[in-house]
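Please walk through the fold and the packing of the chain shown here, one question at a time.

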Amino acid sequence: MVTAYTRQATPPTRANGRNPKTPLADVVATATLEEPRHPLEEQVEVVGETYRAKDIRRVFKEAGMPITDGGVTLKSVRCILVPEPWNEHDPNAVAVMVGQNHVGYLDADLAASYTDGLLRIARQGSLATGEARIWAKSDDGIIRARVTILIPEASQFD
């Protein structure tokens, strides 16, 4: 269960007593993933994909689809919204995960409207899911990617 959710400055602690730099995969691994309870109505461009190239590579590798120079797209992939109240840059941050791979964030303005509702269900041990479309291409070994997600509107979590 995800019971460690509070508006705190530091991430939850692992059993070994260390604070992991990125506990998101641990949060996803221990939570119940809710299938969307509400219509998927909000189409959102994820931000920060540039900083998540390793995770995006892993998503494509796990799907058995190599990233090519011409580009490749994964459609209808389940994404997970993980509130990140310990984020030192923005306590309203909402990470977007595909499996245990962190592929980006909701834009800060949008995340602020989702945080309270997502934290509420996270405290009950659940995380909200949606549907992702991920495009990536290799540009001389540099991964260029774009992630678009379809998620329930923020009001559905209030």
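Accessible areas come from the Shrake-Rupley method with a 1.4 Å probe, and for residues only the protein chains shown count as cover. This is a predicted model, in which local features need pLDDT of at least 70 and side-chain atom pairs count only at pLDDT 80 or more, while totals for chains, interfaces and linings use all residues. Residues are numbered from 1 along each chain as its sequence is written, and side-chain values use heavy atoms, with hydrogens and water left out.

Q: What share of the exposed surface of the chain do carbon and sulfur atoms supply?
A: The chain exposes about 8300 Å². Of that area, the part supplied by carbon and sulfur atoms is 47%.

Q: In what order do the elements of the chain run from the N terminus on?
A: Helices (H or I, at least four residues) and strands (E, at least two) are DSSP runs, numbered from the N terminus. The chain holds three helices and seven strands. Their order is α-β-β-α-β-β-β-α-β-β.

Q: Why do the buried residues of H2 line one face of the helix?
A: Buried means under 20% relative accessible area, exposed over 50%, and partly exposed in between (1.4 Å probe, protein chains only). In H2, residues 53–62, the buried ones are Asp55, Ile56, Val59 and Phe60, whereas Lys54, Lys61 and Glu62 are exposed on the other side. The arc is taken from the directions from the helix axis to the C-beta atoms. Seen down the axis of H2, the buried residues line one face because they fall within an arc of 140°.

Q: Which element gives the most residues to the largest nonpolar core?
A: A nonpolar core is a set of buried Ala, Val, Leu, Ile, Met, Phe, Trp, Tyr and Cys residues joined through side-chain atoms within 4.5 Å. The largest has 30 residues, of which Leu81, Leu106, Ile134 and Ile149 touch the most other members. The elements that give two or more residues to this core are H2, E3, E4, H3, E6 and E7. The one that gives the most, with five residues, is E3.

Q: On which residue is the kink in H3 centred?
A: H3 has 16 residues and reaches 21 Å from its first C-alpha to its last, close to the 22 Å expected, a span defined as 1.5 Å times one less than the number of residues. A bend is the angle between axes fitted to the seven residues ending at a residue and the seven starting there. In H3 there is a kink of about 45°, centred on Tyr114.
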